Amino acid sequence: MNNNDIFKKLRVALQLRDDQIVEILNLVDFKMSKGELGDIFRAEDHANFMECGDQVLRNFLNGLIIHLRGTKENPKNPREVIKSHKNYETQTERTDKTIYEPKKPYNKTDSKTQFKPRTGDKKDFKPKTGESLDKKPAFGKNKFGNDKKPAKQNPVEKFKFKDGKK
């Protein structure tokens with residue numbers, strides 16, 4: 001067994017979550033993120049697998065002693081601490097998980113009744129008059145009324161060059 005296996009088995013046996021493990025490591029002033037813990041608990045063939053070093057396991061075990069037994073000034077009963085882990089999990093399951101009602105089958109009529117048109121300030125639709133239609137060309141036609149494009153003019157011919165002579 002390597003350090004990763006020992007760490008995994010302790011986590012399962014004590015029913016610890018990642019945030020609890022981070023707190024235990026903080027008891028001995030050892031900083032580690034949840035992401036790093038996730039890398040330790042991955043499978044060995046995974047790309048982000050990280051081997052658990054002796055220092056990490058040693059600090060976790062020392063923090064675990066403080067977490068379960070408490071300090072000399074403030075001793076704890078280890079069995080009560082472990083029971084509190086179990087109780088905490090059952091409490092969070094009840095409070096965190098909301099009960100969802102099963103989805104109703106989708107009916108087109110249901111969706112139509114859910115959305116109602118807006119009422120109130122509505123502007124009436126007014127079609128354009130004949131004058132404005134005459135000013136704009138129809139789609140696909142130019143302003144002269146035929147489909148032919150006007151002849152292209154050379155851009156140089158647009159400008160009148162002066163040589164300084166009148």
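1. Asn4 counts as buried, because its relative accessibility is 2% and the cut-off for buried is under 20%. The residue lies in helix H1. Bear in mind that this is a predicted model.

2. What does the side chain of Asn4 meet? One of its polar atoms lies 2.7 Å from the backbone nitrogen of Cys52. Asn4 is also in contact with Ile40, Phe49, Met50 and Glu51, besides Cys52; neighbours within four places in sequence are left aside here.

3. Asn4 has company on helix H1. The buried residues of this helix, which spans residues 3–13, are Asn3, Asn4 and Phe7. They sit on the same side of H1, because their arc around the axis is only 100 degrees. On the other side of H1, the exposed residues are Lys9, Val12 and Ala13.

4. Which helices does the buried side of H1 face? Its buried residues pack against helix H2 (18–27), helix H3 (34–40) and helix H4 (54–69). As for the backbone, Gln15 comes just after H1 and has a positive phi of about 55 degrees.

5. Now the core. The largest nonpolar core has 19 residues, and Phe7, Ile21 and Phe60 touch the most other members. At least two residues of this core come from each of H2, H3 and H4. H4 gives the most, with five residues. The general background is simple: in soluble globular proteins, nonpolar side chains tend to be buried together.

6. Phe7 deserves its own point. With residues up to four places away in sequence not counted, Phe7 touches Ile21, Leu37, Ile40 and Phe41. The list continues with Cys52, Val56, Leu57 and Phe60. Phe7 and Phe60 are both buried.

7. How many aromatic pairs does the structure hold? There are two. Phe7 and Phe60 form a tilted pair, with 4.6 Å centre to centre and 45 degrees between the planes. Phe7 belongs to helix H1 and Phe60 to helix H4, so this pair ties together parts 53 residues apart in sequence.

8. The rings go beyond a single pair. Phe7, Phe41 and Phe60 are linked into a cluster by ring pairs. Phe41 has a charged partner as well: the charged end of Arg11 sits over the Phe41 ring, 4.0 Å from its centre.

9. To check in the viewer: the polar atom of the Asn4 side chain that lies 2.7 Å from the backbone nitrogen of Cys52. Then turn to the Phe7, Phe41 and Phe60 cluster, and to Arg11 over the ring of Phe41.

Terms used:
Residues are numbered from 1 along each chain as its sequence is written. This is a predicted model: local features need pLDDT of at least 70, side-chain atom pairs count only at pLDDT 80 or more; totals for chains, interfaces and linings use all residues. Side-chain values use heavy atoms; hydrogens and water are left out. Buried means under 20% relative accessible area, exposed over 50%, partly exposed in between (1.4 Å probe, protein chains only). Helices (H or I, at least four residues) and strands (E, at least two) are DSSP runs, numbered from the N terminus. The arc is that of the directions from the helix axis to the C-beta atoms. Contact means heavy atoms within 4.5 Å. A nonpolar core is a set of buried Ala, Val, Leu, Ile, Met, Phe, Trp, Tyr and Cys residues joined through side-chain atoms within 4.5 Å. Rings of Phe, Tyr and Trp (its six-membered ring) pair if their centres lie within 6.5 Å; planes under 30 degrees apart count as stacked, over 60 as edge-to-face and the rest as tilted. A charge sits over a ring if NZ of Lys or CZ of Arg is within 6 Å of the ring centre and within 35 degrees of the ring normal. A polar contact is a pair of N or O atoms within 3.5 Å; within protein, one must be able to donate a hydrogen and the other to accept it, and residues adjacent in sequence count only if both atoms are side-chain atoms.
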